[in-house]
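Biologist: Got a few minutes to walk me through this one? I'd like to go through it piece by piece.

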There are 4 protein chains.
Amino acid sequence: MTVNVGIIGATGAVGQRLIQLLDPHPDFAIEALTASGSSAGKTYREAAKWRIDAPVPDAVADTEVGETAPEAVPDDIDLVFSSLPSSVGEVVEPALCEAGYVVSSNSSNHRRADDVPLTIPEVNPDHLDLIEVQRDERGWDGALLKNPNCSTITMVPPLAALDDLAGVERVEVATLQAVSGAGYSGVSSTEIIDNAIPYIGREEGKMETETRKLLGTFDGAAVHWHEADISASCNRIPTIDGHLENVWADTAADVSPDEAGAAMTDYPSLDLPSSPDQLIEVFDEPDRPQPRLDRNLGEGMTVSVGGIQETTGGVQFNTLAHNTLRGAAGASVLNGELLLENGYL
Amino acid sequence: MTVNVGIIGATGAVGQRLIQLLDPHPDFAIEALTASGSSAGKTYREAAKWRIDAPVPDAVADTEVGETAPEAVPDDIDLVFSSLPSSVGEVVEPALCEAGYVVSSNSSNHRRADDVPLTIPEVNPDHLDLIEVQRDERGWDGALLKNPNCSTITMVPPLAALDDLAGVERVEVATLQAVSGAGYSGVSSTEIIDNAIPYIGREEGKMETETRKLLGTFDGAAVHWHEADISASCNRIPTIDGHLENVWADTAADVSPDEAGAAMTDYPSLDLPSSPDQLIEVFDEPDRPQPRLDRNLGEGMTVSVGGIQETTGGVQFNTLAHNTLRGAAGASVLNGELLLENGYL
Amino acid sequence: MTVNVGIIGATGAVGQRLIQLLDPHPDFAIEALTASGSSAGKTYREAAKWRIDAPVPDAVADTEVGETAPEAVPDDIDLVFSSLPSSVGEVVEPALCEAGYVVSSNSSNHRRADDVPLTIPEVNPDHLDLIEVQRDERGWDGALLKNPNCSTITMVPPLAALDDLAGVERVEVATLQAVSGAGYSGVSSTEIIDNAIPYIGREEGKMETETRKLLGTFDGAAVHWHEADISASCNRIPTIDGHLENVWADTAADVSPDEAGAAMTDYPSLDLPSSPDQLIEVFDEPDRPQPRLDRNLGEGMTVSVGGIQETTGGVQFNTLAHNTLRGAAGASVLNGELLLENGYL
Amino acid sequence: MTVNVGIIGATGAVGQRLIQLLDPHPDFAIEALTASGSSAGKTYREAAKWRIDAPVPDAVADTEVGETAPEAVPDDIDLVFSSLPSSVGEVVEPALCEAGYVVSSNSSNHRRADDVPLTIPEVNPDHLDLIEVQRDERGWDGALLKNPNCSTITMVPPLAALDDLAGVERVEVATLQAVSGAGYSGVSSTEIIDNAIPYIGREEGKMETETRKLLGTFDGAAVHWHEADISASCNRIPTIDGHLENVWADTAADVSPDEAGAAMTDYPSLDLPSSPDQLIEVFDEPDRPQPRLDRNLGEGMTVSVGGIQETTGGVQFNTLAHNTLRGAAGASVLNGELLLENGYL
C-alpha cells in the first residue's frame, strides 16, 4: 500500500532533497507540492532553482506547485513533509494538524513544545507516542512530529551510545558547518570564501536544548529532559554539504576510547527503508571523517565518528553527518517511516 | 645602530613573511639568506616561489641564497631568524648557537627543552633570562630563543588575561586553521576544497604543552609549567591565512563575560616596533572575529576575540590571529626585538 | 580647495569601496551618504554590513544615512558618486543632474546613451567634453559621467595599447570573474563553492558595446564607436576580488608579443591622485597575473597583463584588474578627479 | 569471458578512478596493480591515499601493489591500463608492448606519434586500426592505444559534431580546469584558494595538437590531421572535478545555434559498456553546464554543452566533462572496451 504524501516548502534546499529521497521511495508517493506565493502556479521545474547534481525527477518536473497554506493540501494526502521557514511553519503546521493531517516536519518551530515529539528513529523511537498526549491536549486528528536541527543530529547518535555506556554529564561541541545548512541563499559567497564565521544565530541554543530532549526519557505522559550540561560553539565554513563537529564529553563512569568506539559501532540501526545498515561508522584513521569524503556514507544517512581520545573527564571525538540528508530531509523521511510502522498513517 | 640579521629557511611560507617584515624594519637589516640545497646559488627571486600579494622587496630580490648550514652564516651577523623544518632546525640551530650566534626561531624543535625560553613578548618576557641558564648549561656564546606554534599563539594572550583575572584551570579548544600554516605545499587543493580535515599531526600536543610553558612561572632557574588541563582538537579548513579558535576555559574564580572582555582589552602591549597598539581586540558583534576580515588587524599582530559567553565552569570565547604574521614570522621578529631591548645582541 | 562629495548607494559592495577610497582622499570630503529606505536614519556603521578587511573609517562611522532620492543630497555637495542598482540609477541620476549636481556614476544605466560620456581617464579622457553636448541637449546644469563595467575595464587598457599599435579588428574574451562583482548578496555560496557559472546576465553585452564606445573617437559632437567585432563569454568563479580574462585580439597589422608587451608597458598613466604610476604591468612569468597575488598592484588601480603569445590573427594575452577598485569604485573616483581637473566642478 | 586487466600507476588520482570503474566492470577483472617504488609491497589500501568519496573496493583493498616495471605484470594479464607520469610511461609502455601486452594508456607520452592511435571511441573509432601499422613498424605483439588529455576530450565531441555539420576552421578555447586534473599533489591549496592560475604547462599545446589528430582522417596507413587552427588558453580554478570550457568555433558553412545544438544532441553514442546513453547533452538554460551540477551526468561519461550562440564566424558555446572520468580513467576504460570489441584482446 502506497502512502500519498505532500511536501510543503518544496523548492528550498531541504525541499529539493525531500524530492530526491521521496521520488524513488518504496512506500511514499509524492502527490502535492507547495511553496511560497511567488512559485505558486508554476511547474516544479520552473519554480525550483534545482541545485542537486542529478536531474529533477520526471515525476515531479511538471507538477504544478501550490501556495503553501492548509487548503492547498488535497484531502487524499496521508502524510505531509514540511520544510518551511519556522515563522511560516509556526502557523501552517498546527492548522494542518487541526485539519487532520499527519505532519513530519523539519522546521524549527514547536521542537521544544512539551507535547510535540522530537525524534531520531534509531535513538528515541519511543518518544513517538507523545502524539497520544498531543492529540488529547490539542484535540487534533492529525499529528505533528519533529526531527531535530542538522547540527544536533550529527552529534546525538554517538552521544546516545556513550550515554548508554557511561552516562554523559557535560558536553562541549564546536561545529564546522556546511553552507547548505543555511538554505540556498543563506550564506553569500562574499561572506564565506577564504573565511569562517564563528556564529550561527540560535543554532547554539538548538543544539543545547534539542540534545537534552532527544536523550531524555518518556514516561508515557511527558519527556524528561536529560540533565547533561551542553555548550555549543557553531561555525560556518566553506563546505557545501556535511557538518563536522569536535565533541568533548565528560562521563559519569570511566570509559576508554576503545570502549567508546565499540559502543558506537554496535549502536543498533533500524529496519526502516531509509535507515542505514550501519548507523555509526567509526574510523580508525585519525584524519577521518571528512565532509567531502564521508558525507555520503550509507547514502548520506550514516553518522561517521573518528579521532576518539581519552580526556581528563571522558572522551573527545569528531563526528560528521550529511546535513541535508541525515540532518534534514532524510531525518523527516525517516520520521515518516516511523509513523507508518507505528500505525499513525 | 642597525643589527645585521640572517634568515635561514628563507624561501618557505614563513621565510617569505620574515622577508616582508624585516625589509622595512627600523633596527634589523637583512644580510644573509639560506635555504635548502636546491635553492643554493640562486638569487632569492629565483629560489623563492613568492606567494605574498606584494612584490619581492628589491633589497633581497637579487641576493644570492646560501645553503642552510652553520658555515653559510657570515660572521658579521648579529641575529639569525630561523624557520626550518624541525628535523633540520634540530641540528643546525644548536650548531649556530655553539658558534656564537643568537637565534630567534620559529621551528618546533627545542620548544619544550628545560633551558630554552619560549616567549610571546607581551605575555612572558621575563622567561627570556632563561638564556642565562642555557648558556651556563650548554657553554654557548650564542643563544636560542623560541616562539610558539601558530595555533598556540592565537589563544595564549586571551588565556593569559583570563588567568590573571580568575585562574584558568581547564581549557578545551577547537581550531579552524588556515592552509598557509602547513607551508606552501603542506595541504593539497584536492584535500581541502569543499572539505575540512579534523586532524593536524602533532599540533594538538603542541598546543597543550606550549600553552602550559608560556603561562608558567620562571623563578630565575627554571620555568614551572602552568597546571591547567588543556585539550585541543585541530582542524584544517579552506582559508588562506588566519587561525580561528573556539575556546572553553574553566576558571577558579567566577568571571562574567564583561569582566573577561575588559581584562583582555586592558591586557598591555609593549613598545617593541612590531607589537601592536592593541594586543587583544575584543569585538561586541557575535559573528566576529572572522579570518578574512580580521586577520590583518594591527598589521597582522593583533589577536582578536569575540563571542564571550558564560558557561557552567567559566567562559567560552573565540579568538583569531594571523598565523604567519602574529603566529610565526611576526612572533620571531618580536622575539628578536625583545632580545635587542634586553641587551642580548 | 576641498570638494564636498556625496555617495548615493553607500552601503553596497561598491559603496563601501567608495568610502574606503574617499575617506583619505586629498581633494574630496565625504559629506553625505544615502542608501535604500531600510538603511535610512541609521548610522553608517549600523546600515552597512561592512565587508572590507579594515575598520569602517571613523569619519563616516556615525554619519546618518539618508534615503536615496534627489532631495536627500544637500545643496553644498559639489560631486555625487553613484553606485545604485541600474533601475534606481535610471531615475535618480537624471533627477540629480537636472537639479544641478555633477554625478560620477558606476551604475550601468545610461552607459550607452549618445550624450553620456563613458570614460577610463587614462584611455579616452577627451570623451569627457561630451558633457557639453549633454548639457545642450538636456538643459542640465549638472552632468552625468559614467565609468564602464568592471569586466570591460579589465581588458580595455591593454586593447587600447594594442589598437594604437596595430589596429584591433576582432576580440574574443573569456572572463573568470570574482563574486564581489555581483554585490554582497549576488552570488550564493551554495552556487559557487566547488563550481563555476558560465553565464552572467547582460555582462557579455556590456563588454561588447562598452568596449567599442570607449575605443571610439569623439569629434566634438558625438562618439563614433570602434568597429571591432567583440565576442565575450563571462564566467563566475570562486574568487573574492579580481577579474581575470583571456583575450584573443586579431589585429590589422602584424604584431609580435614583444611589441605588444612594450606598447602596453609604455601606455601612459595620468597624474590624477588615483591613477597608478604604471597603468599596465606586463609580467614575463607565464602563470601571472593571478587574482589573489596581483589584484592589489598599484593599490588596486594597475591592470596586469601576462602570457602574451602570437596567434594566427594577432595576439593572445591574459589581463587582470581589481573589480571593485579599478573596475568600479576606483573608476568612479578617477572620473571624479578627471571632472575636477577639467573644471567641471 | 572475462578479460584479466592490470593497472600500472594505480595509486594516483586517475589510478583510483580506474579502480572505481573497473571493480564493477562486466568484462574486465583487476588482477594486478603497480605503483612507484615507495608503494611496492604494501596492500593497495596502505599504498593509496584514497580520495574518492566511496570506500576502497573490497576486491582490491588487500591486493599487494607491485613496483611499476614490465616484469611486474603477470603473464595472464590481457590488457594493461596505464596512468603513469609521462616520463615513466615513455619507457615502461613500449617495453610492455614489446613483451606482448596490449596497453590502454592515459599518459601523455606517445600521443602524437604517427603510429599510435589516439581515440575517443564515439568520435574516431576507425583510428584504432592504426595498431596494424604500429605492429608492422615496431614489431610488437602487443599494442599501444592512447586517449587524449582531459581538456581535449571535453571539447572534441561537440567540435566533431560541428565539424560534420559545417566544417570547423578556427577554434579559440578558454578552459576553467579542476584541480584533480593535476593529480593529488599537483596544485597546492595555498596556490588556488581565492585564486585562478592562467597557465597550465604544456596543456595548451596538447589541446591544439591532439584535437587536430582526433578530428583527422585515417586512410589505413596514416592519420591526416585536421587543418583547423586551434588556440587554447588554459586556466586552473578552485573546483575539485569537472573541466568547463568556453569555445569559439569558426565554421566553413553558416550554422545557426539551433542547428549546432541539434547536431550535438544527435551525435551518436556507442553500445560499449562505459559509453553513456547520451554522448552530448545540450542545455537550454544559459547558465549550464556547471561543474558541480553537471559533471556526473551519464555517470561522468556525458559531455555537457550550453550557451550556444551565433558569432560573426560561426558559434560560441560552453562545454563540460568530468576530467577524471570522461577525461581520463573513463576514457581509458572505454578504449579498452573498444579494443575488446574489435578483437585486439
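Biologist: Is E10(A) largely enclosed by the rest of the structure or not, and how many of its eight residues are buried?

Modeller: Bear in mind that this is a predicted model, where local features need pLDDT of at least 70, side-chain atom pairs count only at pLDDT 80 or more, and totals for chains, interfaces and linings use all residues. Side-chain values use heavy atoms without hydrogens or water, residues are numbered from 1 along each chain, and chains are lettered from A and ligands numbered from 1 as written. Buried means under 20% relative accessible area, exposed over 50%, partly exposed in between (1.4 Å probe, protein chains only). E10(A) is largely enclosed because the count of its buried residues is seven of eight.

Biologist: Which strand pairs with E10(A), and through how many bridges?

Modeller: Strands here are DSSP E runs of at least two residues, helices H or I runs of at least four, numbered from the N terminus. Two strands pair if DSSP finds at least two bridges between them. E10 (229-236) is an edge strand of chain A, pairing on one side only. One bridge partners A:Ala174 with A:Ser233, and the parallel neighbour is E7(A), with eight bridges.

Biologist: What is the order of the strands in the open sheet?

Modeller: The other edge strand is E12 (280-282) of chain A, which runs parallel to E13(A) and is joined to it by three bridges. Among the bridge partners are A:Ile280 and A:Val303. The pairing in this six-stranded sheet is mixed, and the order in chain A is E10-E7-E11-E14-E13-E12.
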